[in-house]
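Here's a quick briefing on how a few strands and helices fit together in this one. Have the viewer open while you read.

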Amino acid sequence: MNMIRPLSFQIFALLLSISLISCTSPTDSDDLTIFTNGAIWDGVSDSLLTNHSLIIENGRIKEIMAIDDPGFPSRGEFIDLEGGFLIPGLINAHGHVGVALGLVGDASAHNSENVIDQLKLYARYGITSVASLGGEPIHAFLVRDNIDSAQIPMARMSVAGRVLYAETEDEAAAEVSELMAFRPDWTKLRVDDGLGRREKMSKEIYTALIAESHSHGVPLAAHIVTLEDAKGVLAAGADLIGHSIRDRAVDEELIGLMLENNVCITPTLTRELSTFVYADRPAFFDDPFFLAGVSADVVRQLEEPQVQDYFRSEEADFFRRALPLAKENMMALHKAGVTIAMGTDSGPPARFQGYFEHLEMEMMQEAGMSAMDILISATRDAARCMRFDSDRGTLESGKFADFIVLQENPFEDIRNLRSLKGVYVGGNPVNGVITP
Ligand SMILES: [Zn+2]
C-alpha cells in the first residue's frame with residue numbers, strides 16, 4: 001500500500017495542475033494576435049459570427065473563439081476591428097502575373113520586381129491569393145520559390161508556366177516533361193482557333209498533353225471558347241474550364257461532364273469586357289477605387305483615339321455579343337450545382353489586377369448570383385478548385401491567417417467589398433490598401 005500512495009498522489013497532483021491550467025487560459029501566449037470587436041465570417045458558416053474574436057499565432061489561424069469563452073486569452077496583441085467585418089482573403093482562380101507592364105506585354109515585363117509589384121497590387125485590393133494560369137516568365141517561379149509572401153506582404157501565387165503547345169503526340173510528352181523542371185502548380189493549354197484565324201489544337205494533341213500533365217501529377221486548366229471544345233477537354237480529363245462558354249447555351253451533357261468529373265469553371269467575365277470596353281471611355285475611368293491602383297499614364301493611353309480604334313475589331317464585337325451569353329451560362333451552371341470559382345484572367349494589358357476582381361464579382365452579382373454565393377466562390381470554392389484548400393480559403397484552425405477587414409457588410413451587397421479597412425497575409429498587414 002505504501003508503494004502505491006506516492007504514485008496516486010502524483011496522479012492527483014497532475015490532474016490538479018491540468019484543471020488549474022484550464023481555469024486560467026489554455027490559449028494564453030504572448031505570440032497571439034487577437035482581432036476583436038467585429039463580425040467574422042469564417043468561410044464555412046452561413047452567417048456572420050458576432051461576439052467572437054479571431055486568434056492567430058505564427059501567421060496561422062489558431063481559433064475563432066467566443067469572447068465569453070472561459071479559455072479566452074488574456075495576453076497577446078489585441079487589434080480592434082471597430083465594428084468591421086472580417087472575412088477570408090479573396091482568391092483569384094485565374095490571373096496572370098508578370099506577363100505585362102503597363103500596356104506592354106513583352107520582355108520588359110519579365111522581371112522579379114514586376115512580379116512582386118503585381119502581387120502587392122492584388123493584395124492592396126484584398127486579393128490574397130492568385131492562381132497564375134500561364135505565360136509567366138521564369139521570374140514568377142523564382143518569386144514563388146524564394147520569397148515568403150507573408151513577409152512582404154503580397155498575394156500568394158501558384159504558377160503554370162509556358163502555355164502547352166505541341167504538333168504531335170511525341171512533342172506533347174517532351175513539351176510537358178521540359179516544363180516539369182520548374183515544378184508548375186498547374187499546366188495550361190488553349191483550344192481556340194482565334195475566331196477562325198488560326199488552326200485549333202486537335203483532340204489527339206490536347207488529350208496527349210492532358211495525359212502527360214496528369215502522369216506528372218499536375219492538374220491542367222483549359223482555355224476554351226465553345227461548348228464543343230469544353231466537352232472535348234472535359235472528356236480528355238481537363239481539371240478546370242478557364243473561361244465561360246461563349247458560343248452557345250450550356251446543355252445537360254456539359255453539366256453532366258462537369259459534375260461527374262468535379263471540374264470547376266472560372267467565368268472571366270471581365271476578360272470579355274476588356275476586349276471591347278476601351279472602344280469608348282469606360283465609366284470606371286472616373287472611379288477613385290480604380291484610379292488608386294493604376295498609373296495615370298496607362299489611363300491616358302487608353303483614351304487615345306487610335307488605341308480606342310484597336311478595341312473596335314471584329315473580335316471585340318464577338319466578345320461584346322458573347323458577354324450576356326457568358327453570364328447566362330455562368331448562372332445555368334451555378335444553378336445546376338457546378339462550382340464557379342471567381343477568376344478574371346487579369347494581368348495581360350488593360351486587364352487590371354485587383355480592380356478587375358472587384359468588377360468581376362459585381363458582374364457576377366448583376367448576372368444573378370447572391371452576395372453569399374459570390375463570397376463562397378471567391379474564397380472557399382476558389383481555394384478548393386485550385387487545390388489551395390489545405391491552407392487557404394477559410395479561417396479554420398491551422399490555415400494561413402489571410403483575411404480582409406471591411407467597413408460594410410459584404411453579404412448585403414458585393415460592392416461592400418470595396419470598403420476595405422485592412423488586408424492581412426500570414427497575419428501581416430498589407431501596405432497601401434486601396435481604401436474607399
Ligand atoms: Zn488566362
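Two strands count as paired if DSSP finds at least two bridges between them. Keep in mind that this is a predicted model. With that cut-off in hand, strand β7 (residues 127–132) and strand β8 (residues 156–159) pair up in the parallel sense, with four bridges between them. The rest of the briefing starts from that pair, adds the third strand and the helices lying across the sheet, and ends with a helix pair.

**The sheet**

- Three strands make up an open sheet, ordered β6-β7-β8, and the pairing is parallel.
- β6 and β8 sit at the edges with a single partner strand each, so each has one side without a neighbour in the sheet.
- On average, neighbouring strands here are turned by 15° against each other, if you ignore direction.
- As a general reminder, strands of a sheet pair through backbone hydrogen bonds, in either a parallel or an antiparallel way.

**Strand β7 and its partners**

- Is β7 enclosed or open to the outside? Six of its six residues are buried, so the strand is largely enclosed by the rest of the structure.
- On one side, strand β6 (residues 90–95) runs parallel to β7 and is joined to it by four bridges.
- If you want to check the register between β6 and β7, L90 stands opposite I127, and N92 stands opposite V130.
- For the pairing with β8, look at S132, whose bridge partner is V159.

**Helices over the sheet**

- Helix α2 (residues 112–124) joins β6 and β7 in a β-α-β unit, and that unit is right-handed.
- The same α2 lies across β6, β7 and β8, and it runs at about 130° to β7.
- Helix α3 (residues 138–146) lies across β7 and β8, where it runs at about 130° to β8.

**The α6/α7 pair**

- Helix α6 (residues 227–235) packs against helix α7 (residues 252–260) at an angle of about 30°, and their axes are 10 Å apart.
- How are α6 and α7 oriented to each other, roughly parallel or roughly antiparallel? Angles under 35 degrees count as roughly parallel, and α6 and α7 are therefore roughly parallel to each other.
- The α6/α7 crossing is left-handed.
- On the α6 side, the contact is made by L227, A230, K231, L234 and A235; α7 brings in E253, L254, L257 and M258.

Definitions and conventions:
Residues numbered from 1 in each chain as written. Predicted model: local features only at pLDDT ≥ 70, side-chain atom pairs only at ≥ 80, totals over all residues. Buried ≥ 20, exposed ≤ 12 C-beta atoms within 10 Å, placed from the backbone. Helix = DSSP H or I, 4+ residues; strand = E, 2+ residues; numbered from the N terminus. Right-handed = clockwise from strand over helix to strand, strands pointing away. Axes fitted to C-alpha atoms, helices over the stretch in contact; angles between N-to-C directions. Parallel < 35°, antiparallel > 145°, perpendicular 65-115°, else oblique. Left-handed = near helix turned anticlockwise from the far one by under 90°. Contact = placed C-beta atoms within 7 Å.
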